[in-house]
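User: I have just opened this one and would like someone to walk me through it. Could you put it up on the screen?

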Amino acid sequence: MAMLHIIRSSGYNNNVLAQCLNMLLPNDSILLMDDGCYNVNHKLLLKAQLAAPELKIYFIEQHATARAQKNTAQTFSPTTLTDVVTLLFQHDNSITWS
Amino acid sequence: MSEAIPNNITDNMTSNRTVAILNTEAPFSSATGKESLDTALIFGSYEQAISLFFIGDGVFQVIGDQNATEIEIKDYLKTFSALGFYDIENIYVCRESLTERNLPENFHISNIQVLSNKDFSQRLHQHNVIFRF
Amino acid sequence: MTILYKNQSIATDKQGYLLDFTEWNEDIAVLLANGDNVELSEPHWEVIRFVREFYLTYNTSPAIRALTKAMKAEFGEEKASSRYLYRLFKEGPAKQATKYAGLPKPARCI
């Protein structure tokens, strides 16, 4: 079963991001929204994607722009709140990590 | 109360969808743990299949020899022993979280299953709806 | 709100549940039941004592399903059916027995 992990807090402030990555299985995807967008350049996320190149990491572009956050590596996919609905239906279930 | 409700309605209420509750916080500094347990008991009261997961600081909720009354907190941990009456029997704890905290496998409830990080995650993935506390 | 017991007033909430469960005794159970025009028989007492014991052990008032399951283990099938319990406590066994046992109203109440 593919899970969508929705991260809504900064991984620099707590270990929720690390905990989420611990629960990650193949076919899962990650979505950064709200303060989760502060993770667009987080080492743990970049490392996770290096280890599993097929891992899809999305972020809500509007939320990132509002916070002056740019995904420098450009390996994460910008998306919109509207498209999150589609994303949810592409997965079997989801967890919100906030 | 199932007897007061026509059968066709109860059939709709009890689905095959499974619910997981993922606990990530220690028990006493916030109300999160108690709220999580209350949620589990409500699902149990309505015969909704539910599993409890403990990871990270959440494992502090299930370790043995705690005494909430010492710090004058109502001991909601005692309620865990009543889970069987609510047909809540799937309780999983992450082994790595225990090891990380140097905790032995000593719990105040009896039917806990300790799983490796990977097995824990796979079990979690098998549920349709996941609430994180 | 309060009820009067031996010239002392005991605090209750709006629905008549004791605010402090340690103030309870069996005389007070009778007073609480009288307030609802219920006369307590031995079968009532069995349930009231059982619910009180449940609360003291698990720090929670049992909802109806948990109550019937726990009672089945103690008293057998007959006395643990929800039909039997509803006959004794018409407003809902978990709710009513909990009240007479001096306990807080179950949060997940049916």
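User: How much area does chain B expose, and what share of it do carbon and sulfur atoms supply?
Analyst: This is a predicted model, and in it chain B exposes about 6500 Å², with carbon and sulfur atoms supplying 47% of that area.

User: And how many of the residues of chain B count as buried?
Analyst: Chain B has 133 residues, and 47% of them count as buried.

User: OK, what is the secondary structure of chain B?
Analyst: Chain B has four helices and five strands, and along the sequence they follow the pattern α-β-α-β-β-α-β-α-β. Among the contacts in chain B with a separation of 6 or more, 76% are between residues 24 or more positions apart.

User: Changing topic, which pair of chains shares the most contacts?
Analyst: Two pairs of chains are in contact, and chains B and C share the most contacts. Chain A and chain C are joined by no contact, and their closest C-alpha atoms lie 25 Å apart.

User: Then what does the interface of chains B and C look like in numbers, say residues and buried area?
Analyst: On each side 20 residues take part, 20 of chain B in contact with 20 of chain C, and the two chains bury about 1800 Å² between them, 53% of it on carbon and sulfur atoms.

User: How many salt bridges are there across it?
Analyst: The interface of chain B and chain C has three salt bridges, one of which pairs B:D87 with C:R65, where the closest N and O atoms are 2.3 Å apart. Sorted by class, the side of chain B that touches chain C holds seven nonpolar, five polar and eight charged residues.

User: And between chains A and B, how many salt bridges and polar contacts?
Analyst: Zero salt bridges are found across the interface of chain A and chain B, although six residue pairs, both at pLDDT 80 or more, are in polar contact there.

User: Which parts of chain A supply that side?
Analyst: β1 (3-7), α1 (16-22) and β5 (93-97) of chain A each supply at least two residues of the side that touches chain B, and the largest share, five residues, comes from β5(A).

User: What about the area buried there, and which residues of chain A lose the most?
Analyst: Chain A and chain B bury about 1300 Å² between them, with 61% of that given by carbon and sulfur atoms. In chain A, the residues that lose the most area to chain B are A:Q19, A:M23 and A:L25, which together make up 41% of what that side buries.

Notes: Residues numbered from 1 in each chain as written. Chains lettered and ligands numbered in written order. Predicted model: local features only at pLDDT ≥ 70, side-chain atom pairs only at ≥ 80, totals over all residues. Heavy atoms only, no water. Buried < 20%, exposed > 50% of the residue type's maximum accessible area, 1.4 Å probe, protein only. Contact = heavy atoms within 4.5 Å. Areas by Shrake-Rupley, 256 points an atom, 1.4 Å probe, with all protein chains shown as cover. Buried area = accessible area lost by both parts, 1.4 Å probe. Salt bridge = Lys/Arg side-chain N within 4 Å of Asp/Glu carboxyl O. Polar contact = N/O pair within 3.5 Å; in protein donor to acceptor, adjacent residues only side chain to side chain. Nonpolar A, V, L, I, M, F, W, Y, C, P; charged D, E, K, R; others polar.
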